[in-house]
Amino acid sequence: MLDGSQTLLSNEELKKKFDQEGISLDKPIVTSCGTGVTACILALGLHRLGKTDVPVYDGSWTEWGGHPDVPVSTSEA
């Protein structure tokens, strides 16, 4: 998401990164991370690409993972 000077990548580079990860801008996206900070940077990059309907789960794994009664799904690579 950021280059060596900690500047947000160009739109072309951002799109390439999302495409490489198989993330379609035509589908709903919710960003999350460990504490919510990285999720905000992801949402900013998506917003720059015109994907403005991206909610940020700001509680992220710090909040969700602290509850033993919530669902967690994993998959194998």
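In the predicted model, a salt bridge joins the side chains of Asp 19 and Lys 15, with 2.7 Å between N and O. Both residues belong to helix H1, which covers residues 11-20. Asp 19 and Lys 15 are four residues apart, a spacing of about one turn of the helix. Side chains of opposite charge can pair when their charged atoms come close. With a relative accessible area of 43%, Asp 19 is partly exposed; Lys 15, at 33%, is likewise classed as partly exposed.

The count of salt bridges in the model is two. The other pair consists of Asp 53 and Lys 51, whose side chains meet at 3.4 Å, N to O. The partners of this pair fall into separate classes of accessibility. Asp 53 has a relative accessible area of 53% and counts as exposed, because the limit for that class is over 50%. Lys 51 has a relative accessible area of 9% and is therefore buried, since it falls under 20%.

Lys 51 is also among the contacts of Leu 46, when neighbours within four places in sequence are left aside. On the same basis, Leu 46 touches Phe 18, Leu 25, Ile 29, Thr 31 and Val 54. Leu 46 is itself a member of the largest nonpolar core, a group of six residues. The core is completed by Phe 18, Leu 25, Ile 29, Ala 43 and Val 54.

Thr 31, another contact of Leu 46, is situated in the loop between H1 and helix H2, the latter spanning residues 37-48. Thr 31 is buried, with a relative accessible area of 4%. Apart from neighbours within four places in sequence, the residues in contact with Thr 31 include Ala 39, Leu 42, Ala 43 and Leu 46. Val 54, Pro 55, Val 56 and Tyr 57 are also in contact with Thr 31. A polar atom of the Thr 31 side chain lies 3.0 Å from the backbone oxygen of Ala 39. The C-alpha atoms of Thr 31 and Ile 41 are 9.2 Å apart, and ten residues separate the two along the chain.

An unreviewed UniProt entry assigns residues 9-73 to the feature "domain: Rhodanese". In the model, this span is 42% helix and 0% strand. The C-alpha atoms at the two ends of the span, residues 9-73, lie 31 Å from each other.

Technical notes: Residues numbered from 1 in each chain as written. Predicted model: local features only at pLDDT ≥ 70, side-chain atom pairs only at ≥ 80, totals over all residues. Heavy atoms only, no water. UniProt positions renumbered as here; feature names shortened; annotations may be inferred. Salt bridge = Lys/Arg side-chain N within 4 Å of Asp/Glu carboxyl O. Buried < 20%, exposed > 50% of the residue type's maximum accessible area, 1.4 Å probe, protein only. Core = buried A, V, L, I, M, F, W, Y, C linked by side-chain atoms within 4.5 Å. Contact = heavy atoms within 4.5 Å. Polar contact = N/O pair within 3.5 Å; in protein donor to acceptor, adjacent residues only side chain to side chain.
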